[in-house]
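Okay, thanks for coming, everyone. I've got one structure to walk through today, so let me put it up on the screen.

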Amino acid sequence: MLITHARLVGTDDLVDVTIADGRITAITPSDTATDRERVATIRDAERDAARDADRNTSDTVDIVDADGMWIIPGLWDCHTHFTQWSKTLGRLDLINARSAAEAMAMLREHLEARRAAGTLDPNAFVVGMRFRHSLWSDSEQPTLAAIDAVTGDQPVALSSADMHCGWVNSAAARRLGVEVDATGLVGELAWFNAYTQFDKAPGAAEETDRLLREAERDAAAKGVVGIRDYEMAENVNTWIARFAAGINGLRVEAGVYPERMQAAIDAGWHTGMPLPGSHGLGTVGPMKLISDGSLNTRSAYCSTPYSGIEPPTYGTLSYTPQQIEDYMRLATEHDFDIACHAIGDEANTIVLDAAAATGAHGSIEHAQMLKPVDIPRFAQLGLTASIQPQHAMDDRDVIARFWANPAGIPYAFRSLYDAGAKLRMGSDAPVAPLDPWLAISAAVFGTESSSREPFQPEQCLPVEVALAASTEVGRVNPAAGDPADLVLLDTDPTALETPEAMRAMPSHVVMTFVAGQRTH
């Protein structure tokens with residue numbers, strides 16, 4: 001492939017990008033060679049590659065005239081739960097519910113519509129997503145009585161926006177084997193375990209397959225070429241099967257949870273190992289460990305108590321500090337990176353201590369509140385801060401409510417960058433939509449609307465930094481030798497001046513390429 005007359009971000013330079021065998025082989029000024037010479041170069045490279053691989057090749061060269069459009073490296077979402085994100089495209093979304101009563105009204109309407117359409121199986125779970133009860137008043141919190149009144153014997157389970165708790169009715173609680181009190185809420189590990197059962201219902205596999213393909217197309221339309229998938233499941237074999245089934249529109253790094261680590265080690269896996277049958281698009285990812293809870297469920301582990309909560313609570317750890325260190329050591333000794341979820345400031349201290357003790361390499365996921373003394377440790381330990389800036393937009397009012405007197409800095413993006421930490425950005429989809437432009441906008445402008453003041457403007461990032469952190473190569477411009485994962489845009493994202501304009505960038509994605517193959 002040859003992409004001609006593409007514009008590099010932040011410049012007026014037009015370049016031609018030569019692609020062969022899925023990689024960028026050259027980037028040259030558009031006026032230094034004729035199209036015929038460039039095509040001949042590509043054909044020679046194709047023939048050499050074909051000879052080395054003992055296969056035939058065609059003399060056909062795909063030429064794309066970018067006509068002055070901007071070219072950037074493909075975007076990555078560095079933290080997803082991809083199956084659950086895919087299912088938001090087909091499940092009840094409660095993100096706009098402003099109270100328990102509104103959520104129940106939306107649920108009642110959803111059940112009635114499905115009943116009228118004949119698609120409501122009385123034996124199958126009805127699953128809803130993304131309710132945010134942390135923003136509801138104390139008089140409008142979930143109750144078991146409220147959800148039972150709407151649902152009757154139909155098993156219904158609703159997942160909170162941060163996926164750290166669920167609101168279930170009595171029928172679902174019986175089916176899931178969980179205990180519920182008067183709130184109807186199931187928290188943390190019990191909810192994580194219960195959630196995996198929804199995929200075992202009749203017809204669930206076929207529906208999941210359809211939604212996964214739709215989610216890949218949606219991602220490509222936003223310029224996304226790759227994801228890190230931290231689905232709470234057996235991800236390695238799952239993605240091997242998906243690639244074999246032709247679900248192959250993205251690069252995927254498949255995370256492994258601690259309880260599955262020994263099996264992965266026994267099978268010979270390690271981080272970076274190619275997934276068979278993925279044609280180089282899939283690899284084994286890091287060990288994903290969840291050290292604490294979340295802000296919205298008041299379970300992120302902090303060094304000071306939550307404000308406005310009685311009796312006082314500091315949050316919870318999912319594992320003891322010794323268990324965290326032991327899992328990190330196991331991962332490191334067997335060539336696995338770590339990806340350690342830590343939200344509260346005390347949880348971050350604990351996981352940083354464990355990384356220092358074990359020499360673990362990889363990332364701290366979220367790093368939402370950090371003690372000032374811990375911020376330089378990311379760079380000192382060579383750990384990446386994997387951040388989700390849209391969470392700051394979703395949580396800014398919750399922070400004022402529950403972290404009114406923090407011992408650390410919430411969402412310390414600029415402080416981490418200034419301290420030399422490597423940043424990667426993602427969504428934690430379905431907690432936030434799988435859309436890097438939302439993350440970039442939140443990181444750069446600190447607000448979703450020009451009519452509202454930025455949240456912590458001192459922590460906003462330069463646009464070039466946020467864009468680079470949303471790519472695998474860590475740059476705003478492609479270079480020779482990179483994978484041919486590219487995006488053509490009809491607008492320069494570094495020139496945008498409002499959050500509204502940045503959040504509208506998916507409409508300016510003209511083409512997306514993965515390994516030189518057009519996916520959008």
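Let me start with a question: which residues does Trp-437 touch, not counting residues up to four places away in sequence? Before I answer, a quick reminder that this is a predicted model. So, the list: Trp-437 touches Ile-72, Leu-75, Lys-222, Leu-467, Leu-489, Pro-493, Met-502, Met-505, Pro-506 and Val-509.

That brings us to the core. Trp-437 and Phe-378 are the residues with the most contacts inside the largest nonpolar core, which has 98 residues. Helix 15, residues 436-445, gives this core its largest share, with seven residues. There's also a second core, separate from that one, with 19 residues, and among them are Leu-92, Leu-94, Leu-107 and Trp-167. As background, nonpolar side chains tend to be buried together in soluble globular proteins.

Okay, zooming out to the whole chain. We have 17 helices and 23 strands in the protein. How does the radius of gyration sit against a compact globule? For 520 residues you'd expect a value near 24 Å, and the protein has 24 Å, so the two agree. If you take the principal axes, the C-alpha atoms fill a box of roughly 75 × 55 × 55 Å. Of the 520 residues, 56% are buried. And if you look at contacts with a separation of 6 or more, 72% of them are between residues 24 or more positions apart.

What about the surface? The accessible area comes to about 20,500 Å², and carbon and sulfur atoms account for 51% of that. On charge, I count 72 negative side chains and 41 positive ones, with the centres of the two sets 3 Å apart.

Now some backbone details, if you're into those. Where are the cis peptide bonds I'd point to? One runs from Glu-310 to Pro-311, with omega near -5°. Pro-311 lies in the loop between strand 14 (282-290) and helix 10 (321-333). Another cis bond goes from Ala-429 to Pro-430, and there omega is near 15°. Pro-430 lies in the loop that runs from strand 20 (422-425) to helix 15, the helix with the largest share of the big core.

Then there's positive phi. Ala-367 has a phi of about 45° even though it is not a glycine. You'll find Ala-367 in the loop between strand 16 (362-366) and strand 17 (369-370). Is Ala-367 buried or exposed? Buried: its relative accessible area is 2%. Gln-456 is another non-glycine with a positive phi, near 50°. Gln-456 lies in the loop between helix 15 and helix 16 (463-468). At 17% relative accessibility, Gln-456 counts as buried, because the cut-off is under 20%.

Last stop, Ala-171. This one is in helix 5, residues 170-176, and at 7% relative accessibility Ala-171 counts as buried too. Which residues does Ala-171 touch, leaving out those up to four places away in sequence? Gly-152, Asp-153, Gln-154 and Pro-155. For a sense of distance across the model, try Ala-171 and Glu-333: they are 162 residues apart along the chain, and their C-alpha atoms are separated by 45 Å.

That's my tour. Happy to spin the model around if anyone wants another look.

Technical notes. Residues are numbered from 1 along each chain as its sequence is written. This is a predicted model: local features need pLDDT of at least 70, side-chain atom pairs count only at pLDDT 80 or more; totals for chains, interfaces and linings use all residues. Side-chain values use heavy atoms; hydrogens and water are left out. A nonpolar core is a set of buried Ala, Val, Leu, Ile, Met, Phe, Trp, Tyr and Cys residues joined through side-chain atoms within 4.5 Å. Buried means under 20% relative accessible area, exposed over 50%, partly exposed in between (1.4 Å probe, protein chains only). Helices (H or I, at least four residues) and strands (E, at least two) are DSSP runs, numbered from the N terminus. Contact means heavy atoms within 4.5 Å. The radius of gyration is taken over C-alpha atoms; the globule rule is 2.2 Å times the number of residues to the power 0.38. Accessible areas come from the Shrake-Rupley method with a 1.4 Å probe; for residues, only the protein chains shown count as cover. Lys and Arg count as positive and Asp and Glu as negative; His and the chain ends are not counted. The place of a charge is taken as NZ of Lys, CZ of Arg, CG of Asp or CD of Glu.
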